[in-house]
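Here is a short tour for a reader who is new to this protein. Look over the sequence and the model before reading on.

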Amino acid sequence: MTLIARNLLALGLLLTSTSALAIEQWADGRAVLHSCVYASSYEAEVRMSYRNYTLPWGTSVYLIHGWGGQSNGVAIDWDNTQTVAAPASAPWTWTTTVRATISTRSGTKWYTHFDYVWKVVLPDGSEFYEKGNGSTLGYYSANLQDITDRPCTSDSNFIGPPFALTITSIEKW
């Protein structure tokens, strides 16, 4: 290998590893059972955070999300899709929290994962979607089954600590 080829390879590896380190995200969540005497519904609260050190000041970030799991025994993805703004929570970091009922006593749906992509709008108006892979319809999925403690409460408050959620990049063509 020539000296020039070796230097180009080293530069390429540096740029690849640096850009991979520039983007990170994390999710945590908690769930409660409403009505301790008569189980009526589970509600989840998911807090999503996105950090990208390469983005310029003035960038806006949105979370496009849906819920996935089972409906009448059939797998579902992206149910109840919504877009929410993720306000800046720290330098180069955007965070938002969403809540939803993930199952009801008499319902046919049971949500087990939180499906999402990040929509990034740059100050010049251009936008891109952060989805973790190069597939056409790819997205991220956070595992709600990582929430191992689901206490009951008789009001709409969430009690107990949030649990870190495992994030998987889903390739879909």
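The report below moves from the whole chain to single residues.

## The chain as a whole

This is a predicted model. The protein chain has one helix and twelve strands. Along the sequence, the helix comes before the strands, in the pattern α-β-β-β-β-β-β-β-β-β-β-β-β.

The chain has 173 residues, and 39% of them count as buried. It exposes about 9,600 Å². Carbon and sulfur atoms supply 58% of that area.

Contacts reach far along the sequence. Take those with a separation of 6 or more: residues 24 or more positions apart account for 69% of them.

## Salt bridges

Side chains of opposite charge can pair when their charged atoms come close. The structure holds six salt bridges. Three of them are set out here.

| Salt bridge | N to O distance |
|---|---|
| Glu45 and Arg30 | 2.8 Å |
| Glu45 and Arg99 | 3.2 Å |
| Glu127 and Lys119 | 3.8 Å |

Glu45 appears in two of these rows. It forms a salt bridge with Arg30, with the closest N and O atoms 2.8 Å apart. Glu45 belongs to strand β2, residues 41–52, and Arg30 to strand β1, residues 23–34, so their pairing ties together parts that are 15 residues apart in sequence.

Glu45 also meets Arg99 in a salt bridge. Arg99 sits in strand β6, residues 93–104, and Glu45 in strand β2, so this pair ties together parts that are 54 residues apart in sequence.

Is Glu45 buried or exposed? Glu45 is buried, because its relative accessible area is 14% and buried means under 20%. Arg99 counts as partly exposed, at 43% relative accessibility.

The third row pairs Glu127 with Lys119. Glu127 is partly exposed, with a relative accessible area of 43%. Lys119 is partly exposed too, at 21%. As for shared partners, salt bridges join Arg30, Glu45 and Arg99 into one network.

## The hairpin of β7 and β8

Lys119 also has a place in strand pairing. Its bridge partner in β8 is Tyr129. Strands β7 and β8 pair in the antiparallel sense over four bridges, and β8 spans residues 127–130. Five residues lie between the two strands of this hairpin. Gly125 takes a positive phi near 95° there.

Val121 is found in strand β7, which covers residues 109–121. What does Val121 touch, not counting residues up to four places away in sequence? Its contacts are Thr59, Ser60, Tyr62, Ser126 and Glu127. Val121 and Tyr62 are 59 residues apart in sequence, yet their C-alpha atoms are 8.2 Å apart in space. Val121 counts as buried, because its relative accessibility is 19% and the limit for buried is under 20%.

## Asp79 and its partners

Asp79 lies in strand β4, residues 74–86. Which residues is Asp79 in contact with, leaving aside its neighbours within four places in sequence? They are Gly66, Trp67, Lys109 and Tyr111.

Two of these contacts are polar, side chain to side chain. Asp79 makes one with Lys109, at 2.8 Å. Asp79 makes another with Tyr111, at 2.2 Å.

## On the surface

Tyr53, Trp57 and Trp92 form a nonpolar patch on the surface. Together they have about 380 Å² of accessible area. Trp92 sits in the loop between β5, residues 88–90, and β6. Trp92 counts as partly exposed, at 30% relative accessibility.

Ser154 is in another loop, between β10 (152–153) and β11 (163–164). Where does its accessibility place it, buried or exposed? Ser154 is exposed, because its relative accessible area is 72% and exposed means over 50%. Ser154 and Val32 are 122 residues apart along the chain. Their C-alpha atoms are separated by 9.7 Å.

## In brief

The chain comes to one helix and twelve strands. Six salt bridges are present, and Arg30, Glu45 and Arg99 are joined in one network. Strands β7 and β8 pair in the antiparallel sense. Tyr53, Trp57 and Trp92 make up a nonpolar surface patch.

Notes
Residues are numbered from 1 along each chain as its sequence is written. This is a predicted model: local features need pLDDT of at least 70, side-chain atom pairs count only at pLDDT 80 or more; totals for chains, interfaces and linings use all residues. Side-chain values use heavy atoms; hydrogens and water are left out. A salt bridge is a side-chain nitrogen of Lys or Arg within 4 Å of a carboxyl oxygen of Asp or Glu. Buried means under 20% relative accessible area, exposed over 50%, partly exposed in between (1.4 Å probe, protein chains only). Contact means heavy atoms within 4.5 Å. Accessible areas come from the Shrake-Rupley method with a 1.4 Å probe; for residues, only the protein chains shown count as cover. A polar contact is a pair of N or O atoms within 3.5 Å; within protein, one must be able to donate a hydrogen and the other to accept it, and residues adjacent in sequence count only if both atoms are side-chain atoms. Two strands pair if DSSP finds at least two bridges between them. Patches are made of residues with over 30% relative accessible area and no salt bridge: like charges are joined within 9 Å, nonpolar side chains (Val, Leu, Ile, Met, Phe, Trp, Tyr) within 5 Å.
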